[in-house]
Amino acid sequence: MTYTIGTLSCAPGERAQGLIQVGVSTYGVELGIPLIVVNGAQDGPVLCVDAGVHGDEYDGQEAVRRVLAETDPATLRGTLVGIPCMNTPAFEAAARASGIDHLNLNRIFPGDADGSYSQRLAATFVEQVIPAVDALVDLHTGGAYGEIAPLVILQGGYEDLATDLALAAGHELVWKGGKWGGTVRHPALAAGKPAVTIEAGGGTYREETVTQHVRSVRNVMRHLGMIDGEAELLGTYTEVSGTFARSAAGGFFLAHAEPGEECKQGDLIARIVDHYGAPLEEVRAPQDGIVLWVRRIRTVRPGDEVVIFGAIEGEIRP
Ligand SMILES: [Zn+2]
């Protein structure tokens, strides 16, 4: 069946690419959501894989392009929709947030069609992409500011809906629950469509992280029956919940733990020193658990996030 999303049409066994327009830049160029579509010769589900919701998270963007390029429409069952860079103004700014309105796109969904550019972008995604897909995988990294342990986020109040998809991501750590809203996952989940965020790497672009993301997407595709082979599942997964530690002091940041490292309550995770080396603050583990994210940018200002701790909540068996 011919697949349609936005203004793009793609016949079975074909590829297509194009932009869902959101606005026009000051220099007269169309701004919007770039799409790559591979429509399988055989029927099946529509999986959307997006990256670049945060503009300084590069590994997922390359992973989306790579998965789409390597997917053969002749053997694909269903349709793969890739959004290599959701937030192009943030990418242009080499920043987490949009260079136009400085909003964090991942906190403002479902957006507002009459709002600022990021609000319009979110609203366009909800109006034109969500109805055209059956499931969503959202790729992130720890950002330019930090590095995160490979994990999948299963959050948004519809955890049961997306559990199978989360386990197929293939990471041992499953971050479940948490009160924040407005992510790209939320409108998908609200529409009854499974959606997860996969996190890995950060700090800078690394081939290893691109490969990890590609592997996760492929495994999700196997889980959905879109490509041949059984989805590889782990014997057991660890459910964690994260808490953000912010520094009171500004200064130079020194880490004493790596993302993914286990920690005991009271362990020294990081220090902040002044320009002469004098200690200003120590960050210690609030409980036994796992260090999920560690700051990489050495500049730390008062109130900046420095570490995300993961408390172990239990075990998930597939
Ligand atoms: Zn992100």
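Here, a residue counts as buried when its relative accessible area is under 20%. With that in hand, these close-ups walk through a predicted model.

**View 1. Helix 4 is mostly covered.** Of the 10 residues in helix 4, 7 are buried. They are Glu-159, Ala-162, Thr-163, Leu-165, Ala-166, Leu-167 and Ala-168. Just past this stretch, look for Gly-170, which follows helix 4 and has a positive phi near 85°.

**View 2. Helix 4 meets helix 6.** Now bring a second helix into the picture. The axes of helix 4 (residues 159-168) and helix 6 (residues 207-223) come within 8 Å of each other and cross at roughly 130°. The two helices are therefore oblique to each other. What does the contact of helix 4 with helix 6 divide into? Its residues fall into 3 nonpolar, 3 polar and 1 charged. From helix 4 come Asp-164, Leu-165 and Ala-168, and they meet Ser-216, Asn-219, Val-220 and His-223 of helix 6. Leu-165 and Ala-168 also appear among the buried residues of helix 4.

**View 3. His-171 sits in the loop between helix 4 and strand 9.** Follow the chain onward from helix 4 to find this side chain in its loop. Is His-171 buried or exposed? His-171 has a relative accessible area of 8%, so it is buried. Setting aside neighbours within four places in sequence, His-171 is in contact with Pro-150, Leu-151, Val-152, Ile-198, Glu-199, Ser-216, Leu-234 and Tyr-237. Ser-216 may look familiar: this residue of helix 6 also takes part in the meeting with helix 4.

**View 4. Phe-109 and Phe-125 form an edge-to-face pair.** A pair of aromatic rings is described by the distance of the centres and the angle of the planes. The model has 4 aromatic pairs. In the pair of Phe-109 and Phe-125, the ring centres are 5.7 Å apart and the planes make an angle of 75°. Phe-109 lies in the loop between helix 2 (88-92) and helix 3 (117-129), while Phe-125 lies in helix 3, so the pair ties together parts that are 16 residues apart in sequence. Both Phe-109 and Phe-125 are buried. Another ring pair, Trp-175 with Phe-244, is taken up in the next view.

**View 5. Trp-175 and Phe-244 form a tilted pair.** The centres of these two rings are 6.2 Å apart, with 45° between the planes. Trp-175 belongs to strand 9 (residues 173-176) and Phe-244 to strand 11 (residues 237-246), so the pair ties together parts that are 69 residues apart in sequence. How do the two partners compare in burial? Trp-175 is buried, with a relative accessible area of 3%, whereas Phe-244 is partly exposed, with a relative accessible area of 41%. Trp-180 joins in as well: ring pairs link Trp-175, Trp-180 and Phe-244 into a cluster.

**View 6. The loop between helix 2 and helix 3 holds some backbone surprises.** Start at Phe-109, the loop partner in the edge-to-face pair. The peptide bond from Phe-109 to Pro-110 is cis, with omega near 10°, and Pro-110 lies in this loop too. Ala-94, also in the loop between helix 2 and helix 3, has a positive phi of about 50° although it is not a glycine. With a relative accessibility of 47%, Ala-94 counts as partly exposed. His-102 is another resident of this loop, and its phi is positive as well, near 60°, again in a residue other than glycine. At 61% relative accessibility, His-102 counts as exposed.

**View 7. Ala-16 is a buried residue of strand 3.** This alanine lies in strand 3 (residues 14-24). Its relative accessibility is 15%, so Ala-16 counts as buried. Which residues does Ala-16 contact, leaving aside its neighbours within four places in sequence? They are Leu-8, Ser-9, Cys-10, Leu-35, Ile-36 and Val-37. For a sense of scale, Ala-16 and Gly-242 are 226 residues apart in sequence and 39 Å apart in space, C-alpha to C-alpha.

**View 8. Residues 44-224 carry a domain annotation.** UniProt, in an unreviewed entry, lists this stretch as "domain: Succinylglutamate desuccinylase/Aspartoacylase catalytic". Over residues 44-224 the chain is 35% helix and 23% strand, and the C-alpha atoms at the two ends are 8 Å apart.

Technical notes. Residues are numbered from 1 along each chain as its sequence is written. This is a predicted model: local features need pLDDT of at least 70, side-chain atom pairs count only at pLDDT 80 or more; totals for chains, interfaces and linings use all residues. Side-chain values use heavy atoms; hydrogens and water are left out. Axes are lines fitted to C-alpha atoms, for helices over the stretch in contact, and angles run from 0 to 180 degrees between N-to-C directions. Helices (H or I, at least four residues) and strands (E, at least two) are DSSP runs, numbered from the N terminus. Angles under 35 degrees count as roughly parallel, over 145 as roughly antiparallel, 65 to 115 as roughly perpendicular and the rest as oblique. Contact means heavy atoms within 4.5 Å. Ala, Val, Leu, Ile, Met, Phe, Trp, Tyr, Cys and Pro count as nonpolar, Asp, Glu, Lys and Arg as charged, and the others, Gly among them, as polar. UniProt positions are given in the numbering used here, feature names are shortened, and annotations may be inferred rather than shown by experiment. Buried means under 20% relative accessible area, exposed over 50%, partly exposed in between (1.4 Å probe, protein chains only). Rings of Phe, Tyr and Trp (its six-membered ring) pair if their centres lie within 6.5 Å; planes under 30 degrees apart count as stacked, over 60 as edge-to-face and the rest as tilted.
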